Each structure stands twice: as C-alpha cells, then as structure tokens.
Amino acid sequence: MTLNQPQSNEWYFNLGASSHMTPHLHALSHSMPPQSLIPCIVIGGGSLLSVTTTGSADLSKSLCLNNVLVSPQLIKSFLSVH
C-alpha cells in the first residue's frame, strides 16, 4: 500500500468550503495580496491557516475561478460547491 501526494493540477469538490482554495501559487493566472486585514482559513477543529495570496485560476478555456485563496499549508486544492 502506498500513499501518493495529490498532483498540483487536481481540484477536489468540497461542500463545506466557503471559498475556492489551493496551496499552489502557480495555479493562479492572476494574483494579488489578500484583501482582508487578517486573512486566514478556518479548518476542522478551529485551526487557522494563513492566506498568502488571492487571485483567479483558469481550470479550462471556459471555466475561471475568482477569489481563490492560496495557503501553502493546505495539502489539496478545493472547489467550493453549494
């Protein structure tokens, strides 16, 4: 049995996520500093992950994600779905 790290171009649907998020700065097509004063992501158990960058990610020619949060401490990229 082996445990493989996710590939940087893989995105996972997350029903509980309030924003799209990724650990990979290179996943963004456009980036800027975070807009909030204390940018962070709250994860299970109440832990906080810092957001270093926000921006847009082009997943295909017809699908662009806006307001993507970048936190290098994440281990996967998540698509927020409601």
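## Exercises on a predicted all-strand chain

The structure holds zero disulfides. Keep in mind throughout that this is a predicted model.

**Exercise 1. Work out how many helices and strands the chain has, and what pattern they follow.**

Solution. Begin with the count: there are zero helices and eight strands in the chain. Next, read along the sequence, and the pattern comes out as β-β-β-β-β-β-β-β. Then turn to burial: of the 82 residues, 32% count as buried. Finish with the contacts between residues at least 6 apart in sequence; 58% of these join residues at least 24 apart.

**Exercise 2. Find which strands pair with β6, and in which sense.**

Solution. Take β3 to start with. This strand covers residues 30–32, while β6 covers residues 53–60, and the two pair in the antiparallel sense over three bridges. To place the pairing on the model, look at His30, which stands opposite Ser56 in β6.

Now move to β7, residues 63–70. Its pairing with β6 is also antiparallel, and here there are six bridges. Gly55 gives you a reference point, as it stands opposite Val68 in β7. Lastly, check the connection: β6 and β7 form a hairpin, with two residues between them.

**Exercise 3. Decide whether Ser56 is buried or exposed, and list what surrounds it.**

Solution. Locate the residue: Ser56 belongs to strand β6. Its relative accessible area is 15%, and because buried means under 20%, Ser56 counts as buried. Now set aside neighbours within four places in sequence and collect the contacts of Ser56. One group is Ala27, Leu28, Ser29 and His30; another is Cys64, Leu65 and Asn66. His30 in this list is the residue that stands opposite Ser56.

**Exercise 4. Describe the setting of Thr22: where is it found, and what does its side chain reach?**

Solution. Thr22 is in strand β2, residues 21–22. With a relative accessible area of 0%, Thr22 is buried. Follow its side chain next, and you arrive at the backbone nitrogen of His24, at 3.1 Å. Finally, leave out residues up to four places away in sequence and look at what Thr22 touches: among them are Trp11, Ala27, Val68, Leu69 and Val70. Lys76 is also one of the residues touched by Thr22, and we will meet this lysine again in the last exercise.

**Exercise 5. Place Pro34 and say how far it is from Leu69.**

Solution. Pro34 sits in the loop between β3 and β4, the latter being residues 40–42. Its relative accessible area is 22%, which makes Pro34 partly exposed. In sequence, Pro34 and Leu69 are 35 residues apart; in space, the C-alpha to C-alpha distance is 8.0 Å. For the contacts of Pro34, again leave aside neighbours within four places in sequence: Pro39 is one of them, and Val51, Thr52, Thr53 and Thr54 also belong to the list.

**Exercise 6. Check the cysteines and the aromatic rings: how accessible are Cys40 and Cys64, and what lies over the face of Tyr12?**

Solution. Cys40 has a relative accessible area of 33% and is partly exposed. Cys64, at 39%, counts as partly exposed too. Remember that the structure holds zero disulfides. Turning to the rings, you will find zero aromatic pairs. Tyr12 does have a partner of another kind: Lys76 lies over the face of its ring, at 4.6 Å from the ring centre.

Key. Residues numbered from 1 in each chain as written. Predicted model: local features only at pLDDT ≥ 70, side-chain atom pairs only at ≥ 80, totals over all residues. Heavy atoms only, no water. Phe/Tyr/Trp six-rings, centres within 6.5 Å; stacked < 30°, edge-to-face > 60°. Lys NZ or Arg CZ within 6 Å of the ring centre and 35° of its normal. Disulfide = S-S within 2.5 Å. Buried < 20%, exposed > 50% of the residue type's maximum accessible area, 1.4 Å probe, protein only. Pairing = 2+ DSSP bridges. Helix = DSSP H or I, 4+ residues; strand = E, 2+ residues; numbered from the N terminus. Contact = heavy atoms within 4.5 Å. Polar contact = N/O pair within 3.5 Å; in protein donor to acceptor, adjacent residues only side chain to side chain.
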